[in-house]
Amino acid sequence: AHLDRIAEVDGEINAYLHVGGDEALEAARAVDARLAGGEELGPLAGVPVALKDVFTTTDAPTTCASKMLDGYMSPYDATVTSRLRAAGIPILGKTNLDEFAMGSSTENSAYGPTKNPWDHTRTPGGSGGGSAAALASHQAPLAVGTDTGGSIRQPAALTATVGVKPTYGTVSRHGLVASASSLDQGGPCARTVEDAALLHQVIAGHDPSDSTSLNVAIDDMVAAAREGARGDLKGVRVGVVRELGGEGYQAGVEAAFQSAVETLRGLGAEVVEVSCPNFQYALPAYYLILPSEVSSNLARFDAMRYGLRTGDGSADQVMAASRAEGLGPEVKRRIMLGTYALSAGYYDAFYGQAQKIRTLIARDFDAAYEKVDVLVSPTTPTTAFPLGDKVSDPVAMYKFDLCTLPLNLAGHCGMSVPTGLVDGLPTGMQIMAPALADERLYRVGAAFE
Ligand code: GLN
């Protein structure tokens, strides 16, 4: 049914870069055979998923929406991919994104933007716009995305879906093509909080192939979601972040958020305002740390080992010609920014300072979590903006992720849940929790939903 739906609507939406028609059907049939053979496969067996095209798959290309990796076939599956397969979850296809997950609107894809199913002239957000649009247009019931600075939560808010950025280190990065290794994290996307919890349970867990994977037990997210669904938040302390609101935020978005906060209060939560003064520096710190890591990680695309190779002459000339042709303008901008920030003489002034701010932001969170169990804010400052609106203004594009960036810098977890429509367009509330307290997101998110 989902493959039929994709055939029907994706010509217009462009959520998928690759549709795994026959392989998906084969995987679904194999699940039947495994179940018939008595194998215990868990609650999502046979329920298909859309996979952001940054996770490697041996049976489909992994392009990261870059010309550099056009048609690239990985010799191995990402750990997330293997976990999906082991749980009997067929992969419907690979979804569109901003090239190498850098962007906020999916317009940086080398394969054209994805349209927001709620309004085809607008962005579904980014970088994981493909996954969110696939969910919102019923082309997939579940999706796996990645969130480096908001790429799961922000598209969820713009499409009235649910997106979760798990605690850093709980979902393996093995086989996830890196943008910024200290920030990247895979996570579940779904249409309900409980669906997200079920998928979270499949993809999270220790992986010796990822040196930053935490060797800790993963809490029962499904139990937390079911407990939350009873709608009782008595004893839960909720902090509204003062700095994530006010000037620059659309009035309707703020009103939707206020009414969501009232709902939490009505469910018994104790709501207080908290201040995180260093959040105002999250954007500049992120846009120094991320490009620095990007400039190093993307050095591997040297036209020798992966993907596109073009031009003649020396290795240097081939490398330069291939990178010039294979990488898009935003990716180049970040490589240059990062190379500059890391260069001798500038390291302390830029990268070093940004790392200090990262620590101050983590301290703001720690101080807040002494007083409250979760923090909340709007997920985005406005509803979905028109395609083309911010493409020529990178800083305006960066600013759209003001609310989602801080917790990535701290390695914490967060969720976006839908808070209704403003002028026909979705809005979302961001719920944040400390590292390894992901179950709080599900408890509060499910109670709110
Ligand atoms: N929009 C942010 C960026 O461009 C976040 C991207 C992401 O989370 N992958 O870096």
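**Close-up views of a predicted model**

**View 1. His-138 and helix α4.** His-138, which lies just after α4, takes a positive phi of about 55 degrees. The structure shown here and in the other views is a predicted model. Helix α4 spans residues 129-136, and 8 of its 8 residues are buried, so the helix is largely enclosed by the rest of the structure. The buried residues are Gly-129, Gly-130, Ser-131, Ala-132, Ala-133, Ala-134, Leu-135 and Ala-136.

**View 2. The open sheet of 11 strands.** The strands follow the order β1-β3-β2-β4-β6-β5-β10-β11-β9-β7-β8, and their pairing is mixed. At the edges stand β1 (16-19) and β8 (270-274); each has a single partner strand, so one side of each is left without a neighbour in the sheet. On average, neighbouring strands of this sheet are turned by 25 degrees against each other, with direction ignored.

**View 3. Strands β2 and β3, and the helix α6 that packs on the sheet.** Strand β2, residues 49-52, pairs with strand β3, residues 91-95, in the parallel sense, over 4 bridges. Within this pair, Leu-51 is found opposite Lys-94 of β3. Helix α6 (residues 193-203) packs on the sheet and touches four strands by name: β4 (142-146), β5 (162-165), β6 (186-190) and β10 (413-422). The direction of α6 makes about 150 degrees with that of β6.

**View 4. Strand β9 with β7 and β11.** Strand β9 covers residues 374-378; 5 of its 5 residues are buried, so the strand is largely enclosed by the rest of the structure. Strand β7 (residues 237-241) runs parallel to β9 and is joined to it by 3 bridges. Here Val-238 stands opposite Val-374 in β9. Strand β11 (residues 425-433) runs antiparallel to β9, and 4 bridges join the two. Val-376 stands opposite Ile-431 in β11. In the strand order of the sheet, β9 is listed between β11 and β7.

**View 5. Packing of helix α6 with helix α15.** The axes of α6 and α15 (residues 438-448) are 9 Å apart and make an angle of about 155 degrees. Angles over 145 degrees count as roughly antiparallel, and α6 and α15 are therefore roughly antiparallel to each other. On the α6 side the contact is made by Val-193, Glu-194 and Ala-197, and on the α15 side by Tyr-442, Gly-445 and Ala-446. By class, the residues of this contact of α6 with α15 divide into 4 nonpolar, 1 polar and 1 charged.

**View 6. Packing of helix α9 with helix α11.** Helix α9 (residues 282-297) and helix α11 (residues 329-342) pack at an angle of about 100 degrees, and their axes are 7 Å apart. The two helices, α9 and α11, are therefore roughly perpendicular to each other. From α9, the residues in contact are Leu-288, Pro-291, Ser-292, Val-294 and Ser-295. They meet Arg-334, Ile-335, Leu-337, Gly-338, Thr-339, Ala-341 and Leu-342 in α11. The residues of the contact of α9 with α11 comprise 7 nonpolar, 4 polar and 1 charged.

**View 7. The shell around the ligand.** The ligand is surrounded by 13 residues. The closest of them are Ala-101, Ser-104, Thr-148, Gly-149 and Ser-151. By class, the shell has 3 nonpolar, 8 polar and 2 charged residues.

Key:
Residues numbered from 1 in each chain as written. Predicted model: local features only at pLDDT ≥ 70, side-chain atom pairs only at ≥ 80, totals over all residues. Buried ≥ 20, exposed ≤ 12 C-beta atoms within 10 Å, placed from the backbone. Pairing = 2+ DSSP bridges. Axes fitted to C-alpha atoms, helices over the stretch in contact; angles between N-to-C directions. Contact = placed C-beta atoms within 7 Å. Near = placed C-beta within 6 Å. Nonpolar A, V, L, I, M, F, W, Y, C, P; charged D, E, K, R; others polar. Parallel < 35°, antiparallel > 145°, perpendicular 65-115°, else oblique.
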